[in-house]
Every structure is written in structure tokens, then in C-alpha cells.
Amino acid sequence: MKKYWKGDEPLGKTFWYACVLGSLATALSGAALAFLAGYLLHVSSSQLALVTLLILLLFNPYYIFCWVAIWRSSNNIQ
């Protein structure tokens with residue numbers, strides 16, 4: 001992760017591995033967390049929407065990391 005943050009990895013690797021696969025993993029884990037919250041806690045739809053929003057806000061630092069990693073890797077095209 002440190003190499004991605006510094007921009008030491010090639011742009012293609014940063015985009016496909018860190019951002020595409022990482023974003024897919026965070027989206028699936030967020031969906032799983034929202035599903036479990038709805039299933040286990042038996043919350044209403046408005047409460048589930050709030051839980052989903054909070055889960056999405058928790059993943060925002062990762063998406064910021066992706067943008068910064070791509071930006072810094074932009075000169076490292078192979």
C-alpha cells in the first residue's frame with residue numbers, strides 16, 4: 001500500500017489492482033455489512049438507509065487513497 005501511495009507502482013497496476021479490485025472488495029464488503037445489519041438487527045428501511053450511508057462514509061478514505069495513488073502513479077506508465 002505504501003508503494004501505491006508514493007506512486008512507485010506502474011499506473012496500470014495501481015488502477016487495476018488497488019483501485020478496481022480494491023473498490024470491488026470494499027463495495028462487496030459494504031453491501032455485506034448493510035445486509036447483515038438489516039438481517040440481524042431487523043431495522044426499518046429508513047434506518048437501513050442510514051446504516052448504508054454510514055458504511056459508505058467509512059469507505060471514503062479508501063476512495064481518496066485510490067485517487068491519490070492514481071495521480072501519483074500517472075508519470076510511471078509502463
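User: Happy to look at this predicted model with you. How far is the sulfur of Cys-66 from the closest cysteine sulfur, and why is there no bond?

Analyst: The closest cysteine sulfur to that of Cys-66 belongs to Cys-19, and the gap is too far for a bond. A disulfide needs the two sulfur atoms within 2.5 Å, so the pair does not qualify, and the count of disulfides comes to zero. Cys-19 is thus in no disulfide. The separation of the two sulfurs is 3.4 Å.

User: Is Cys-19 buried or exposed?

Analyst: Buried means under 20% relative accessible area. Cys-19 has a relative accessibility of 7%, and Cys-66 has 5% and counts as buried too. For Cys-19, the answer is buried.

User: Which residue forms a salt bridge with Lys-13?

Analyst: Side chains of opposite charge can pair when their charged atoms come close. A search of the whole structure turns up one salt bridge. Lys-13 is partly exposed at 33%, while its partner is buried at 11%. Their closest N and O atoms are 3.1 Å apart, and the partner is Glu-9.

User: Which side chain makes a polar contact with the side chain of Ser-73?

Analyst: Ser-73 sits in helix α3, residues 45-73, and is buried with a relative accessible area of 0%. A polar atom of the Ser-73 side chain lies 2.9 Å from the backbone oxygen of Ala-69. Leaving aside residues up to four places away in sequence, Ser-73 touches several residues, including Tyr-4, Glu-9 and Pro-10. The side-chain partner, at 3.2 Å, is Thr-14.

Notes: Residues numbered from 1 in each chain as written. Predicted model: local features only at pLDDT ≥ 70, side-chain atom pairs only at ≥ 80, totals over all residues. Heavy atoms only, no water. Salt bridge = Lys/Arg side-chain N within 4 Å of Asp/Glu carboxyl O. Buried < 20%, exposed > 50% of the residue type's maximum accessible area, 1.4 Å probe, protein only. Helix = DSSP H or I, 4+ residues; strand = E, 2+ residues; numbered from the N terminus. Polar contact = N/O pair within 3.5 Å; in protein donor to acceptor, adjacent residues only side chain to side chain. Contact = heavy atoms within 4.5 Å.
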